[in-house]
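Please look over the sequence and the fold below before reading on. The report that follows is meant for someone meeting this structure for the first time.

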Amino acid sequence: MRKNFGKKPWMYPLPVLIIGTYNDDGTADAMNAAWGGLYDADKVVLCLSAGHRTTANIKAKGAFTVSFANAAQVIAADYVGMVSANKEPKKMEKAGFHTTKSNYVDAPLIEELPMAMECKLIKINEDGNVIGEIVNISADESILGNDGNIDAAKLQPIIFDPVHNTYLKVDEKVGNAFHDGSSLK
């Protein structure tokens, strides 16, 4: 038997995305955004409200990075989602995040988060959603597997559980995409 909950914003999994931008003075900023994902094969969409410093920075610079929060950085990732750069100018310092400039877009890469999508703003639609083109994906060598690609077990990405307001670690393979279903053909 099923239990009905009515309308809820419960989607599984919700990746914990850390959006990196530069402020007008050139300092780095980051925010936690659970509502976002792929928009197409080479695009991302982020649901950000207009009042965020990050949204203003994206409009001004035309660029942003999307890093994936991991288990090792859960406290810092949560912090940058709780505190506004509009009120706390030392937000990145307090989070313990260090940045380097992307070689592809005018936005920062967060050294403590080993995987990032580097994006160029395409548009902000009528709902306020930010749509960006992925121009590069960068990953620290520490999270690469023997095949030279990103190893999710080494990345240890976290997801947001909107029902319980918790973060969960993703780290177990349970199947092979575009293969296991073949057994039913």
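What follows describes the sheet, the helices packed on it, a surface patch and the salt bridges.

The structure is a predicted model, and the description should be read with that in mind.

**The sheet**

Seven strands make up an open sheet, in which the order is 3-2-6-9-10-5-4 and the pairing is antiparallel. Strand 3 (28-33) and strand 4 (36-40) stand at the edges with a single partner strand each, so one side of each has no neighbour in the sheet. From one strand to the next, the twist averages 35 degrees. Strands of a sheet pair, in general, through backbone hydrogen bonds, in either a parallel or an antiparallel manner.

Beginning at the edge formed by strand 4, this strand pairs with strand 5 (residues 43-47) in the antiparallel sense over four bridges, and the two form a hairpin that has two residues between them. Within this pairing, Leu38 stands opposite Val44 of strand 5, while Gly36 faces Leu46 of strand 5. Strand 5 also pairs with strand 10, again in the antiparallel sense, over five bridges, and Cys47 has Asn129 in strand 10 as its bridge partner.

Further along the sheet, strand 9 and strand 10 run antiparallel and are joined by nine bridges, with Met117 standing opposite Ile137 in strand 10. The hairpin of strand 9 and strand 10 has four residues between the strands, and Gly128 in this hairpin takes a positive phi near 90 degrees. Strand 9 pairs with strand 6 as well, antiparallel and over five bridges, and here Ser67 has Ala116 of strand 9 as its bridge partner.

**Helices on the sheet**

Which strands does helix 1 touch? Helix 1 (residues 53-61) packs on the sheet and touches strand 2 (17-22), strand 3, strand 6 (63-68), strand 9 (115-124) and strand 10 (129-139), and its direction makes about 55 degrees with that of strand 2. Helix 2 (residues 74-82) likewise packs on the sheet, where it touches strand 2 and strand 3, and its direction makes about 95 degrees with that of strand 3.

**A nonpolar surface patch**

On the surface, Phe5, Trp10, Tyr12 and Val163 form a nonpolar patch that has about 370 Å² of accessible area together. Of these residues, Phe5 lies in the segment before strand 1 (14-15), and its relative accessibility of 45% falls between the limits of 20% and 50%, so Phe5 counts as partly exposed.

**Salt bridges**

A search of the whole structure finds six salt bridges, and the table lists three of them with the separation of their N and O atoms.

| Salt bridge | N to O separation |
|---|---|
| Lys43 and Asp42 | 2.9 Å |
| Lys61 and Asp106 | 3.8 Å |
| Lys101 and Asp106 | 3.8 Å |

In the pair of Lys43 and Asp42, Asp42 is partly exposed, with a relative accessible area of 33%. The salt bridge between Asp106 and Lys61 links distant parts of the chain, for Asp106 lies in the loop between strand 7 (99-101) and strand 8 (108-110), whereas Lys61 belongs to helix 1, 45 residues apart. Asp106 is partly exposed at a relative accessible area of 28%, and Lys61 is partly exposed at 32%. The side chain of Asp106 also meets that of Lys101 in a salt bridge, and Lys101, at 48% relative accessibility, counts as partly exposed. Through salt bridges that share partners, Lys61, Lys101 and Asp106 are joined into one network.

Conventions:
Residues numbered from 1 in each chain as written. Predicted model: local features only at pLDDT ≥ 70, side-chain atom pairs only at ≥ 80, totals over all residues. Heavy atoms only, no water. Pairing = 2+ DSSP bridges. Axes fitted to C-alpha atoms, helices over the stretch in contact; angles between N-to-C directions. Contact = heavy atoms within 4.5 Å. Patch = residues over 30% accessible without salt bridge, like charges linked within 9 Å, V, L, I, M, F, W, Y side chains within 5 Å. Areas by Shrake-Rupley, 256 points an atom, 1.4 Å probe, with all protein chains shown as cover. Salt bridge = Lys/Arg side-chain N within 4 Å of Asp/Glu carboxyl O. Buried < 20%, exposed > 50% of the residue type's maximum accessible area, 1.4 Å probe, protein only.
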